[in-house]
Amino acid sequence: MSEKLLKDLFFKEYYFSDFYFFNVGYEKCQSGHRFGPSLRDNYIVHFVISGKGRYTVNDTTHHLGTGDFFLIRPNELVDYEADVQDPWEYYWIGFSGTKVKELLHTNGIGAKDYIGQVGAQKELQEKFAHFMEADFFDDAKKLANQALFYDIFSFFKIHNENMEMGVRISRTKKYSEAFLLYVGNNYYREDLTIEEIAKSMYLHPAYFSQVIKEELGLTALKYLNLYRMNKASQLLKTTELSVEQIASAVGYQNRHSFTRAFKKRFQSSPTRYKLEK
């Protein structure tokens, strides 16, 4: 770190809109240094690396020290001040984007949460020091800088049991969405199994099957078979491929097993269905 007690960098973001940073800074505050009362236009998170201070937001005062962080939200009255005897030293990041609230939520930070503590303090401090030396005006380094921002932001978490329950509930939807993507990109494989799909998500097959049944209203295997049959129907109606070729294209080893499955789904043989297109 430079000998300067204050370093404040700003830059306009041209490429990202969901979640991005536009300001990074560092300050070793003087005794009793105060900011506010004031309003900010964007989100800012401060990470205290030494010393103490107080942060007041919505008429509530928090006394913070090494390893703590505090969040400033847009258009909320804030006031923070370094301790007289042991003034704090901190890094900060100003950030914005259309998905900020959702991403805060994934870290356990709800609408009424403003403070927390970082677990791996030394590691985060090193990442901030490295971040402060980056060239934010070189587009060739844009992705690397954005990745480091994501990495740094991942350290700001709050253990919030109520929100964690909400995350667990929404996770089942994510599993089902991942399942739909997996099937859509692998249905043509003869060796595709539900166990393989569950394993890709690090889930026990029984639990995975339960999740899919609850989310989609049918079993994972039934969905896979329906998806294959609908693809087969589409191919029969729109191409000149033979029944054998279509059977192979949707993951069946032979025409006979494919024909049985197709009849069960459409009450018609593939050959007859093709002639009726």
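Start with the whole chain and its contacts, where a contact means heavy atoms within 4.5 Å. Of the contacts with a separation of 6 or more, 70% are between residues 24 or more positions apart. The model is predicted: local features need pLDDT of at least 70 and side-chain atom pairs count only at pLDDT 80 or more, while totals for chains, interfaces and linings use all residues. Residues are numbered from 1 along each chain as its sequence is written, and side-chain values use heavy atoms, with hydrogens and water left out.

**Whole chain**

Keep everything selected and show the C-alpha trace. Along its principal axes the trace spans about 85 × 40 × 30 Å. The radius of gyration is 27 Å, whereas a compact globule of 277 residues would have one near 19 Å. That radius is taken over C-alpha atoms, and the globule rule is 2.2 Å times the number of residues to the power 0.38.

Colour by secondary structure next. The chain has 10 helices and 10 strands. These are DSSP runs numbered from the N terminus, with helices (H or I) of at least four residues and strands (E) of at least two.

Then switch to a surface. About 15,800 Å² is exposed, and carbon and sulfur atoms supply 52% of that area. Accessible areas come from the Shrake-Rupley method with a 1.4 Å probe, and for residues only the protein chains shown count as cover. Buried residues account for 43% of the 277. Buried means under 20% relative accessible area, exposed means over 50%, and partly exposed lies in between (1.4 Å probe, protein chains only).

For the charges, select Lys and Arg as positive and Asp and Glu as negative, leaving out His and the chain ends. Each charge is placed at NZ of Lys, CZ of Arg, CG of Asp or CD of Glu. The mean positions of the 36 positive and 35 negative charges are 12 Å apart.

**From Lys 12 to Leu 64**

Select Lys 12, in the loop between strand E1 (6-10) and strand E2 (20-28). Lys 12 counts as exposed because its relative accessible area is 61%. Add Phe 22: the two residues are 10 apart along the chain, and their C-alpha atoms are separated by 6.0 Å.

Move to Pro 37 in strand E3 (residues 34-38). The peptide bond leading from Gly 36 into Pro 37 is cis, with omega near 0°.

Go on to Leu 64 in strand E6 (residues 60-64). With a relative accessible area of 6%, Leu 64 is buried. Leaving aside residues up to four places away in sequence, Leu 64 touches Gly 51, Lys 52, Gly 53, Tyr 55, Phe 69, Phe 70, Trp 88 and Ile 115. For a long view, draw a line from Leu 64 to Ala 247: the C-alpha atoms are 66 Å apart, and 183 residues separate the two in sequence.

**Tyr 91 and Gly 119**

Tyr 91 is in strand E9 (residues 89-96). Its relative accessible area of 3% makes Tyr 91 buried. Phe 137 is 46 residues from Tyr 91 along the chain, with 20 Å between the C-alpha atoms.

Gly 119 sits in the loop between strand E10 (115-117) and helix H2 (121-132). At 69% relative accessibility, Gly 119 is exposed. From Gly 119 to Phe 155 the distance is 7.4 Å, C-alpha to C-alpha, across 36 residues of sequence.

**The helices from H5 onward**

Select Tyr 202, in the loop between helix H5 (194-200) and helix H6 (205-216). Phi of Tyr 202 is positive, near 60°, in a residue other than glycine. Tyr 202 is exposed, at 78% relative accessibility.

Next comes H7, with 19 residues. The helix reaches 27 Å from first to last C-alpha, close to the 27 Å expected at 1.5 Å a residue, the expected span being 1.5 Å times one less than the number of residues. Buried residues in H7 include Ala 220, Tyr 223, Leu 224, Arg 228 and Met 229.

Helix H9 (residues 255-266) has 12 residues; its end C-alpha atoms are 16 Å apart, in agreement with the expected 16 Å. Show the side chains of Ser 257, Phe 258, Thr 259, Phe 262 and Phe 266, which are buried. Which helices help cover the buried residues of H9? Among the elements covering them are helix H7 (220-238), helix H8 (243-249) and helix H10 (270-275).

End at Gln 267, in the loop between H9 and H10. Gln 267 is not a glycine, yet its phi is positive, at about 50°. Gln 267 is exposed, with a relative accessible area of 63%.
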